[in-house]
Amino acid sequence: MTRLSTAVRGLAVTVAALLAATAASAPARAKPEPKAPRDFVALNSVDPTIIEEIRYLTPHNFVGGPVDGYRQSLCILTRPAARALHTAQRALLRRGYSLKVYDCYRPQRAVDHFVRWAKDLDDQRTKAEFYPNVDKSRLFADGYIAEKSGHSRGSTVDLTLVKLPAGPARPATPHHPGPPLTPCFAPQDERSPDTSVDMGTGYDCFDTLSHTLDPRIRGEQRANRLLLKNTLEGLGFVNLAEEWWHYTFEPESYPDTYFDFPVSHRSLAGRR
């Protein structure tokens, strides 16, 4: 082999090594975030009068902090579900009430976050408020946590009623460190403050008292639950019997699809 051939071969090896090193050090191209289908909308674009308090963006929820996939305080739903809520809101406004939503579309990554939290038996920060009578090891078996949620299909909403005029929104407060927590089924003036009417328990209360028609819920609390239930069921929503706040609009637009786009305006922008 001539000196020239040896030099050329050496140069080629050097160039190849440099290219390999560059490729290895180059940052991986970010995978584009999934987008919502065209018939998903921001609820406030359909009815801006409905109050939104998206709990999973805040520290005040059973996980104890912001949940994966929630980028903005925004309720996203399929258009038919949003329109049905608009109709419900018009009827309730005439009676001196407003709807308030706690959660709407929920990305699969948020559900995965719930699953990881439920499996971490050492994390008991929120037990005193959200599941005081339930052993955390029972959350899956008792049906409080699951690996799939109807919220991820886009037509399910968690909501309550607010008596008008509504008071100021309650600030999100972390669970640790902070004041002692009060059980979610305590009397309303002892529970974590909320602008809603008294439904007998707080939102996301992991207890049988949260069952919509639990016979222990009576008087004004029962009347409030029935006002919400009767209003929504008359417009095509179906209540989950174990949760007074949980309603699904039927027929669902995507009964078999679990989406994972983030809760943000960007997920709705630039759709084809």
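Two strands are taken to pair if DSSP finds at least two bridges between them. In this predicted model, strands E5 and E7 meet that criterion, pairing in the antiparallel sense over three bridges. Within this pairing, threonine 156 stands opposite threonine 248 in E7. Strand E5 is also joined to E4, again in the antiparallel sense, here over six bridges, and leucine 99 has leucine 161 of E5 as its bridge partner. E5 is mostly covered, with seven of its eight residues buried.

These pairings belong to an open sheet of five strands, arranged in the order E2-E4-E5-E7-E6 with mixed pairing. The edges are occupied by E2 and E6, each of which has a single partner strand, so one side of each is left without a neighbour in the sheet. At one of these edges, E6 and E7 pair in the antiparallel sense over three bridges. Valine 238 has threonine 248 in E7 as its bridge partner. Helix H3 packs on the sheet, where it touches E4, E5, E6 and E7, and the direction of H3 makes about 145° with that of E4. Helix H6 likewise packs on the sheet and touches E4, E5, E6 and E7; the direction of H6 makes about 130° with that of E5.

Helix H6 comprises 15 residues and reaches 21 Å from its first C-alpha to its last, close to the 21 Å expected at 1.5 Å a residue. The buried residues of H6 are Asn224, Arg225, Leu227, Leu228, Lys229, Thr231 and Leu232. Those buried residues pack against H3, E4, E5, strand E6 (237-239) and E7.

Helix H4 was examined in the same terms. The twelve residues of H4 should span 16 Å at 1.5 Å a residue, and the end C-alpha atoms are 17 Å apart, which agrees. Nine of the twelve residues are buried, so H4 is largely enclosed by the rest of the structure. The buried set includes the nonpolar residues Ala110, Val111, Phe114, Val115, Trp117 and Ala118, and also Gln108, Arg109 and His113.

In soluble globular proteins, nonpolar side chains tend to be buried together. The largest nonpolar core of the model holds 57 residues, of which Leu85 and Val101 touch the most other members. Two or more residues are given to this core by each of strand E1 (40-42), E3, helix H3 (79-93), E4, H4, E5, H6 and strand E7 (246-249). The greatest contribution is that of H3, with six residues. Leaving aside neighbours within four places in sequence, valine 101 is in contact with Leu43, Ile50, Ile51, Glu52, Glu53, Ile54, Cys75, Leu85, Val157, Asp158 and Leu159.

Valine 46 lies in helix H2 (residues 43-46). The C-alpha atoms of valine 46 and leucine 85 are separated by 9.0 Å, although the two residues are 39 residues apart along the chain. With neighbours within four places in sequence set aside, the contacts of valine 46 are Val41, Ala82, Arg83 and His86.

A search of the whole structure finds two disulfides. With bonded cysteines counted along the chain, the disulfides follow the pattern 1-2, 3-4. One of them is formed by cysteine 75 and cysteine 104, whose sulfur atoms are 2.0 Å apart. This pair links distant parts of the chain, 29 residues apart: cysteine 75 is in the loop between strand E2 (51-52) and strand E3 (76-78), and cysteine 104 is in the loop between strand E4 (97-103) and helix H4 (108-119). The torsion about the S-S bond is about -105°, so the disulfide of cysteine 75 and cysteine 104 is left-handed. Given a cut-off of under 20% relative accessible area for burial, cysteine 75 is buried at 0%, and cysteine 104 is buried at 2%.

Cysteine 184 and cysteine 205 form a disulfide, with their sulfur atoms 2.0 Å apart. Both cysteine 184 and cysteine 205 are in the loop between strand E5 (156-163) and helix H6 (219-233), and this pair, 21 residues apart, links distant parts of the chain. The torsion about the S-S bond of cysteine 184 and cysteine 205 is about 60°, so this disulfide is right-handed. Cysteine 184 counts as buried at 3% relative accessibility, and cysteine 205 counts as buried at 2%.

How values were computed. Residues are numbered from 1 along each chain as its sequence is written. This is a predicted model: local features need pLDDT of at least 70, side-chain atom pairs count only at pLDDT 80 or more; totals for chains, interfaces and linings use all residues. Side-chain values use heavy atoms; hydrogens and water are left out. A disulfide is a pair of cysteine sulfur atoms within 2.5 Å. Helices (H or I, at least four residues) and strands (E, at least two) are DSSP runs, numbered from the N terminus. Buried means under 20% relative accessible area, exposed over 50%, partly exposed in between (1.4 Å probe, protein chains only). A nonpolar core is a set of buried Ala, Val, Leu, Ile, Met, Phe, Trp, Tyr and Cys residues joined through side-chain atoms within 4.5 Å. Contact means heavy atoms within 4.5 Å. The expected span of a helix is 1.5 Å times one less than its number of residues. Axes are lines fitted to C-alpha atoms, for helices over the stretch in contact, and angles run from 0 to 180 degrees between N-to-C directions.
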